[in-house]
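Biologist: Please take a close look at the ligand site of this model, and then at the helix packing elsewhere in the chain. A connected account with explicit cut-offs would be appreciated.

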Amino acid sequence: MDRTDPVDVDAALPAHRDIYFGGGWHAPVSGTYETTMNPGTGGTLASVAVAGQADVDAAVATARKGFLEWRDVAPLERSRILKEIAARLRAHGDELAMIDAANCGNPYTEMRGDATIAAAQMEFFAGLVTEMKGDTIPMGPERVNMTAREPMGVVARILAFNHPFMFCGGKMAAPLAAGNSVIIKPPVQAPLSALRLAELVDGLLPDGVFNVLPGGTEAGAALAEHKDVAKVTLIGSVAAGKAVMRSASDTLKPVLLELGGKNALIGYPDSDPARVADAIVAGMNFGWCGQSCGSTSRAFLHEDIHDAVVERLAESVSRYRPGVPTDPATTMGALVSREHFSKVMGYIESGKSEGARIVAGGHAVTDGPLADGCFIAPTIFADVTPDMTIAREEIFGPVLAVRRWSDEAAMLEEVNGLDVGLTCAIWSRDLATAHRAANRVEVGFVWINEVGRHFLGAPFGGVKQSGIGREEGIGELLSFTHEKNIHINLAGQ
Ligand SMILES: NC(=O)c1ccc[n+]([C@@H]2O[C@H](COP(=O)([O-])OP(=O)(O)OC[C@H]3O[C@@H](n4cnc5c(N)ncnc54)[C@H](O)[C@@H]3O)[C@@H](O)[C@H]2O)c1
């Protein structure tokens, strides 16, 4: 099946809407189900179980049993099974992409890429199973002292809504490769692709090794608090990150937090205005409505190039036009929910009322088939000042704030002036200038003359309140292990 003939949404949806753990499907103990929406049509897609404390307890117990079996599976056998999962993800990429397009509003064609990335992440970590290596410490002929890396136990992964399937498929990879069992808590707005993944993977792993608990804050908090969850991770907002860390503190479990950002793209005076304009648009991830933690949503343009760049932005952004997310021709989708749509529209109104100048967009889109969906035109504000709300808060929507600068030190101070620090893109023909700036920006990931891309193997994560820990490289695998030191006295008996 190719992109001109995508699968039917209804046919792609999972048959199961309950909670998946212990290798089977379970109705929620409370009997609670909630409808999940199609933000492109405003219609209802399905009614999905909401896991509560009792479901979390039952799931963790089966995950613990699954772990005890999985940790003893030989590494290369674990690798073989993970590669089989990856093959299923690739084989079902069309339907998974269609589920996400319908459930979270991102364009089908972009989500097709997400399914491929999830499979690639699975293959990447499957290839690293033998890299959980320890050390030996010289102790002379009578003693052996060594460290071994062991899996931790049950790992809970709580996920954000912007790439539902890619996060579910990709983030289970490292903990499973290291020999842990995994409980996925998919995003409350878009749980359906995770349920489909459970259907696809069912039977490949020992029971309880992979589990999916749809639900909201109660399920997330119960996982973070649970004494038999060895590590909890979150992809989500700064506020949720703080809540998860607080919940985890009662049992002193480690956390891995991938949180929000308000990232800068810096244009130096020697850079090419046309390239910078294209980079600004690309870095915003307008395809999925700017709903990306790494979006460079603050553009700092030197006064020598500011006007030349800004005058190109409207044309550069014109290739993104909101459309029906499930249509393969669509270049820009819908925001994930009516609630989030209203929040983003509120930010746009604040930009207008606080005196910023609209260069593009600034309004909802309701033409024809988009009438009942959550669509907003790609929006660019110029003449933004540092005190404006749109210059300071993560909007997580298709809204870009352009700043003009002349003094490098003052510009860098402003770039670093927020409590978050995830990514930064730097544009200059002079690598010394760019490298000096890369050195000074307080973030975890820097692009020079590039923007937006992730590179499998390169560690991704934030500093300050953008998070704790790194993903997408070998460090992610090792972060799901702990070191045990074993000392042997060969002459002891
Ligand atoms: N750094 C990254 O890699 C990355 C990637 C994608 C998204 N994000 C961030 O995610 C945010 C957007 O996603 P969102 O709206 O789904 O975020 P969110 O914080 O509202 O929710 C994220 C997840 O956390 C759960 N959750 C919320 N409160 C919780 C609590 N108190 N205890 C336990 N679980 C809780 C939610 O149910 C959901 O599954 C943005 O801030 C974005 O920057 C970060």
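Modeller: The account below begins with the ligand, continues with one loop residue and ends with two helix pairs. This is a predicted model, in which local features need pLDDT of at least 70 and side-chain atom pairs count only at pLDDT 80 or more, while totals for chains, interfaces and linings use all residues. Residues are numbered from 1 along each chain as its sequence is written, and side-chain values use heavy atoms, with hydrogens and water left out.

The ligand is surrounded by 28 residues, where a residue counts if one of its heavy atoms lies within 4 Å of the molecule. The closest are L159, K185, S237, L259 and E394. Three polar contacts (pairs of N or O atoms within 3.5 Å) can be given in detail. L159 places a backbone N or O atom 2.7 Å from an oxygen atom of the ligand. K185 instead uses a polar side-chain atom, 2.7 Å from an oxygen atom of the ligand. For L259, a backbone N or O atom lies 2.7 Å from a nitrogen atom of the ligand.

L259 also appears among the neighbours of G236: leaving aside residues up to four places away in sequence, G236 touches A160, E258, L259 and G260, contact meaning heavy atoms within 4.5 Å. G236 sits in the loop between β10 (229-235) and α10 (238-249); helices (H or I, at least four residues) and strands (E, at least two) are DSSP runs numbered from the N terminus. L265 is 29 residues from G236 along the chain, and their C-alpha atoms are separated by 22 Å.

Turning to the helices, α6 (residues 164-171) packs on α8 (residues 192-201) at about 40 degrees, with axes 8 Å apart. α6 is therefore oblique to α8, since angles under 35 degrees count as roughly parallel, over 145 as roughly antiparallel, 65 to 115 as roughly perpendicular and the rest as oblique. The axes are lines fitted to C-alpha atoms over the stretch in contact, with angles from 0 to 180 degrees between N-to-C directions. P164, F165, C168 and G169 of α6 meet S193, A194 and L197 of α8. By class, this contact of α6 with α8 has 5 nonpolar, 2 polar and no charged residues.

Helices α11 (residues 273-283) and α12 (residues 303-317) pack at about 50 degrees, their axes 8 Å apart. That angle makes α11 oblique to α12. The α11 side of the contact includes P273 and D278, and the α12 side includes R312 and L313. The contact of α11 with α12 comprises 11 nonpolar, 1 polar and 2 charged residues.

Key: Nonpolar A, V, L, I, M, F, W, Y, C, P; charged D, E, K, R; others polar. Polar contact = N/O pair within 3.5 Å; in protein donor to acceptor, adjacent residues only side chain to side chain.
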